Amino acid sequence: MSHPAAFATATTAAPGTSTATPSGPDARGAAAAGPGTEITLVTGDTVTLGPVADGRPTVSVTPAEGAGGSTSFTTLHEGADVYVIPDAVARLVPGVLDIELFNVTALAAMDYDDAVTDTLPLIVRGPRPLAALDEAADSRRLPSIDATAVDVPKDAAAGFAGRLTAPAGPRAAAGVTKVWLDREVRAAELDWNLGMIGAPGAWESGLSGAGVDVAVLDTGIDADHPDLRGQIAAARDFTGSGSTGDPDGHGTHVASIVAGTGAAADGARRGVAHGARLLNARVLDDEGRGQSSWVIAGMEWATEQGAEVANLSLGAQPGEGDDPVALALEALTADTGTLFVAAAGNLGPFGGSIQSPGIARSALTVGAAVESGRTAFYSSVGPTRATFRAKPDLIAPGSGITAARSGGGTADPYTMMNGTSQAAPHVAGAAALLLEKHPDWSRERVKTALMTTADGEAERTQSQYAGAGMLDVPGAVSDTLAFDRGNVDFGYLRYPGGSEPRTVEFSVTNNGTEPERLDLSDNSRDVYGDDAPDDLLTVSPARVTVAPGETETITARLDPGAAPPRVYAGGVVVERDGRDTVTLPFNAYLEAPRHDIRLTVLDRNGDPWAGGTVWLANMDDYRPVSGGGSQSVHLDENGQGTARLLPGSLSVMAKVETPARDGSPATVAFAGSPEVMLDRDMEYTIDARKAKQLRPARVAGAQTEVEHVSIHYQRGDAKRGSGIGDGIYAGGEEVAEGRVFLQPTGVDLSDGEHNGQEPTGVFGEQSLRLYRDGTEVRPRQPGSAYFDVPSGPATYRLEHTSRPDTVRLPLGSRTETRWTFPSRGPAPGGSAVKPRLLTVDHRPPTRDDGTLRAGVPLMMGARLVSSESRSDLREEKGTLRMWVSTDSGGRWHRMLVAPTPDGSVLATAPGVRPRAGDFVSVRVEGSAAEGRTVDQTIVDAYPVR
């Protein structure tokens with residue numbers, strides 16, 4: 001993860017403690033740790049979580065003791081996460097220091113806070129990583145990624161950070177090139193199965209996985225379970241518990257799917273490769289949680305033990321590229337030839353949700369299927385985040401899987417579990433069967449054989465959900481047609497070089513005794529389900545006959561210029577006479593245009609701001625699917641740096657610090673512009689000399705003394721309500737001495753039609769009526785939004801109707817909204833009260849012009865929020881019901897509403913496929929605590945094209 005995409009606030013803490021109050025949706029860490037939770041950062045600075053405000057914990061910072069540390073801190077928000085980054089090390093983030101080291105909500109949720117542990121687990125890469133530490137309570141070498149896992153005592157953290165930031169010399173950090181947080185890894189927990197994959201057919205041919213070693217990296221294995229007794233050849237604990245048993249139960253369940261004997265069920269509930277030997281690497285603790293270094297060490301041990309297959313039914317959220325576990329998987333695969341089978345994760349049905357280490361190119365990544373053979377709704381969806389690789393590779397049974405229960409003995413030996421954790425061991429077992437039959441096969445050949453014999457969808461291949469299709473064990477062990485690759489993955493085509501046509505070749509070898517005639521075709525579509533242009537992907541030849549013992553080459557050609565930039569998925573389909581069709585997953589990401597902005601930053605002396613950090617953000621789209629919406633730029637010794645972002649309006653602001661010189665004091669200045677149009681490669685200079693001195697505030701007629709000031713800059717994203725910001729905190733003395741400067745940020749929106757304010761009259765005819773305990777309250781004057789109500793508790797109902805001017809405000813032909821809420825009204829003689837009203841944040845899958853796609857099943861996102869004003873939105877917990885209509889409200893269709901991981905909902909309308917020319921109307925009913933409700937209808941909300 002290169003940087004979070006979110007609101008930002010900066011905190012200066014010199015001396016003592018200062019506080020930044022985040023805003024936004026509920027944070028995971030807020031639930032995991034209450035107010036007062038303290039987290040010591042890798043820099044030795046201590047962050048304290050405060051009371052929750054607007055759904056997130058406030059944070060305060062106590063700088064580490066000693067000279068050379070930070071006195072200012074930047075607080076960033078991404079979704080539910082809160083990051084606190086000391087400015088003294090900002091230039092090392094994320095190049096040297098993993099940004100997750102500063103994710104305080106995640107650190108608390110992982111139990112890395114100070115009340116639980118006095119050490120911080122790190123993975124450090126460099127020639128002498130331990131030389132950067134005064135001491136280390138424990139360490140473990142991870143040679144596959146040339147790194148060391150260390151537990152750094154928190155009271156030594158400040159010294160460690162000091163050496164990282166020190167110039168060359170005796171205090172330098174001994175060549176440390178990367179420091180990752182040793183993140184917690186959890187079991188992917190969320191089933192009928194052997195018949196669907198055809199395992200009995202392989203057993204009947206005499207295969208059982210005998211002689212093949214399969215490592216299971218999980219929560220341990222109950223070696224005394226009847227199904228697993230005598231199956232384990234070696235075991236080792238990497239969690240520090242001293243036991244390789246399985247208090248959690250996840251690992252035992254997984255291991256029995258791979259190689260259980262079924263003894264507790266008279267052999268009826270056998271594992272796919274019940275003759276294989278198991279290597280038990282316990283890398284997750286009693287609660288199914290672990291750290292990246294535990295998993296890496298377990299992988300290294302498994303390969304040292306000679307494992308031909310390793311099962312990884314675990315996962316962690318991916319970053320903006322390969323994390324240490326994925327890097328280790330790639331290195332160990334190349335060095336040892338072990339096939340790592342990884343669970344895709346249980347974060348579907350959203351694209352880019354494949355978990356690590358399933359993101360690794362060499363991993364055989366497995367999604368989960370339900371009994372009908374379709375992909376389970378929860379199974380993670382490709383392509384991979386940031387790298388845009390084709391994943392998953394295939395699917396296997398994962399829902400309602402019955403297998404061994406840890407501690408079950410013979411009285412209650414089995415239990416049922418769901419998830420990609422259960423799907424992966426089916427594939428690991430199938431790989432063991434193949435290696436038993438073909439001990440000379442390479443890892444890549446085994447992986448390719450399992451993919452090219454899977455039962456895929458030939459008509460409309462949904463490769464991002466199912467990969468090559470459902471695991472087919474008999475096909476894999478008996479097929480005589482061999483492919484040299486399992487997919488047609490063009491991957492990430494970066495702009496502009498990715499615009500040129502390119503090809504992927506694959507060969508097909510006939511190992512049988514009869515000629516094979518193959519008919520080849522392709523199908524592809526974008527992430528919205530729309531068919532791609534016919535000439536985006538072409539396959540040649542369209543027909544080929546492969547003689548026995550011969551090899552033919554097939555060419556898939558991609559023409560990026562034939563289709564708009566976005567993610568495309570599908571398949572290259574190979575039809576065979578009298579045999580199952582082969583589906584090779586197709587994937588390509590055509591990157592939208594990006595441009596470089598080359599920054600030069602000058603301080604108030606006119607000198608380069610060497611070593612500074614500037615945060616840039618695209619305010620048209622802060623978090624696009626492809627990334628490139630925001631970036632931190634670390635300036636070189638000339639005060640220069642370059643960012644590559646999506647075209648659009650950029651926020652380019654910096655908090656420039658100027659050192660004292662020639663008797664002039666040190667200063668700080670907000671400088672730059674909130675609106676720089678990036679429409680080509682460009683250069684931009686931030687000159688702090690353009691900033692104006694902040695004058696002390698004065699109260700007319702009274703002696704005034706400024707104790708402290710807090711100045712904030714904030715710029716909002718036009719699409720998602722995200723944004724970026726920073727702040728200056730200064731004492732009255734600094735202001736009085738003229739040490740704080742601000743560059744005016746006014747933006748002229750006047751273009752003859754706009755003046756920066758909401759245009760009047762866009763709602764057309766409208767009415768607003770208020771009821772108190774069922775009795776209507778008259779407004780102060782006709783058309784006013786102010787109502788005089790008595791003090792005291794009551795239940796209110798507010799009704800609003802409008803017929804918008806659809807030319808100026810294309811938001812439906814008619815709207816009706818009704819709110820109910822409790823209120824005590826204003827205190828006698830008090831000021832007006834603004835009630836917090838429930839509302840719905842609609843997230844329709846519209847194009848940039850606000851239209852929906854014709855012929856596509858209706859699927860809409862939404863979340864329940866509340867507000868007191870236009871700029872104040874707070875996520876609410878409650879219920880949502882939704883309906884849609886395609887005939888202006890004549891007939892309403894109830895939508896199926898499912899919760900999503902980010903707190904919103906995903907609503908679908910089965911069978912409703914709007915046609916071109918239709919308008920989709922929407923009705924919602926929401927309710928939350930205290931009896932608050934919202935009932936809203938928008939007629940003709942979205943045109944269909």
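In this predicted model, the lining of the second largest cavity comprises six nonpolar, two polar and one charged residues. This briefing covers that cavity, the largest cavity, and strand 34, whose six residues are all buried.

**Second largest cavity**
- The second largest cavity encloses about 40 Å³ of space.
- Its lining is formed by V185, S292, V295, L314, A316, D323, V325, S356 and P357.

**Largest cavity**
- The space in the largest cavity amounts to about 80 Å³.
- Fifteen residues line the largest cavity, and A390, K391, S463, Q464 and N587 are the closest to its centre.
- Two or more lining residues come from each of helix 11 (463-466) and strand 32 (579-590).
- With three residues, strand 32 makes the greatest contribution to the lining of the largest cavity.
- By class, the lining of the largest cavity contains seven nonpolar, five polar and three charged residues.

**Strand 34: burial**
- Strand 34 spans residues 613-618 and is mostly covered, with six of its six residues buried.
- Both of its faces are covered: one carries T613, W615 and A617, and the other carries V614, L616 and N618, all of them buried.

**Strand 34: pairing**
- Strand 34 runs antiparallel to strand 35 (residues 630-634), and five bridges join the two.
- Within strand 35, Q631 is the bridge partner of L616.
- Strand 34 also pairs with strand 37 (residues 648-658) in the antiparallel sense, over four bridges.
- Within strand 37, L650 is the bridge partner of N618.
- L616 and N618, which have these bridge partners, lie on one side of strand 34 together with V614.

Note on methods
Residues are numbered from 1 along each chain as its sequence is written. This is a predicted model: local features need pLDDT of at least 70, side-chain atom pairs count only at pLDDT 80 or more; totals for chains, interfaces and linings use all residues. Side-chain values use heavy atoms; hydrogens and water are left out. Buried means under 20% relative accessible area, exposed over 50%, partly exposed in between (1.4 Å probe, protein chains only). Two strands pair if DSSP finds at least two bridges between them. On a 1 Å grid over the protein atoms alone, a cavity is a set of points where a 1.4 Å probe fits but cannot get out, and a pocket is an open set with protein on both sides within 12 Å along at least five of seven lines; lining residues have an atom within 4 Å of a point. Grid points are joined across faces, edges and corners, and a volume is the space filled by probe spheres set on the points. Ala, Val, Leu, Ile, Met, Phe, Trp, Tyr, Cys and Pro count as nonpolar, Asp, Glu, Lys and Arg as charged, and the others, Gly among them, as polar.
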